[in-house]
Amino acid sequence: MSELFKVDTEQSIAESLGVKHKVFSLVSEDHPVLKKVLPEFDFNNPAVDPNEFASSLVETCKLHRGIGLSANQCGFEHRVFVMGAGDDFIACYNPKVISSEGEAHLPEGCLSFPLLTLNITRAKTINVEYQDWNGEKHTATFDGMTARIFLHELDHMDGIVYTSRVKP
């Protein structure tokens with residue numbers, strides 16, 4: 001299927017569902033952008049409108065029934081991901097893990113690898129810092145599934161796909 005047809009089809013589906021923002025196509029699991037470390041997002045000279053871009057990532061994530069989505073999964077080299085469910089999503093620009101504790105070994109999936117679930121070990125609790133779409137810094141503590149999603153999406157921006165985290 002050509003990329004143009006795929007974008008048009010996804011956008012048409014989104015429009016029929018009443019989505020107001022652009023919806024992006026997902027890149028294939030072997031796309032080189034998934035292996036790149038993404039540069040810091042520059043709020044002083046933004047390549048895209050941070051609010052519009054984050055809104056499009058959220059709509060794309062929802063369309064694909066995801067709970068997290070990084071910009072590079074859509075072919076963009078912006079250091080941002082979104083995570084959430086329903087109408088409760090946050091955008092995390094320039095995210096960092098400040099500290100972590102504990103471990104959990106649980107099944108995990110990825111929109112870039114449809115239908116592939118792998119057991120991955122990640123920190124149970126994390127203290128993080130990120131910027132919202134206005135560039136305002138936030139700190140937060142996440143545990144359980146929220147910590148897992150944050151770490152999974154942060155890995156994407158560091159050029160790490162979850163298949164490389166599998167242990168025997």
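**Exercise 1.** In this predicted model, locate V33 relative to the helices, and decide whether V33 is buried or exposed.

*Solution.* Begin with the position along the chain: V33 lies in the loop that runs between α1 (3-16) and α2. Next, take the relative accessible area of V33, which is 3%. Buried means under 20% relative accessible area, and V33 is therefore classed as buried.

**Exercise 2.** Determine which residues V33 touches, leaving aside those up to four places away in sequence.

*Solution.* The contacts of V33 under this condition are V27, N72, G75, F76 and E77. For N72, sequence and space can then be set side by side: V33 and N72 are 39 residues apart in sequence, while their C-alpha atoms are 6.0 Å apart in space.

**Exercise 3.** Work out the strand order of the sheet, and identify its edge strands.

*Solution.* The sheet is open and is formed by 5 strands, which follow the order β1-β2-β3-β6-β7 with antiparallel pairing. The edge strands, each pairing on one side only, are β1 (68-70) and β7 (137-143). From one strand to the next, the twist averages 40°. At the β7 end, β6 (residues 125-131) pairs with β7 in the antiparallel sense over 7 bridges, and within this pairing I126 stands opposite F142 in β7.

**Exercise 4.** Describe how helices α2 and α3 pack on the sheet.

*Solution.* Helix α2 (residues 50-63) touches β1, β2 (80-85) and β3 (88-101), and its direction makes about 90° with that of β3. Helix α3 (residues 144-157) touches β1, β2, β3, β6 and β7, and its direction makes about 155° with that of β2.

Technical notes:
Residues are numbered from 1 along each chain as its sequence is written. This is a predicted model: local features need pLDDT of at least 70, side-chain atom pairs count only at pLDDT 80 or more; totals for chains, interfaces and linings use all residues. Side-chain values use heavy atoms; hydrogens and water are left out. Two strands pair if DSSP finds at least two bridges between them. Helices (H or I, at least four residues) and strands (E, at least two) are DSSP runs, numbered from the N terminus. Axes are lines fitted to C-alpha atoms, for helices over the stretch in contact, and angles run from 0 to 180 degrees between N-to-C directions. Contact means heavy atoms within 4.5 Å. Buried means under 20% relative accessible area, exposed over 50%, partly exposed in between (1.4 Å probe, protein chains only).
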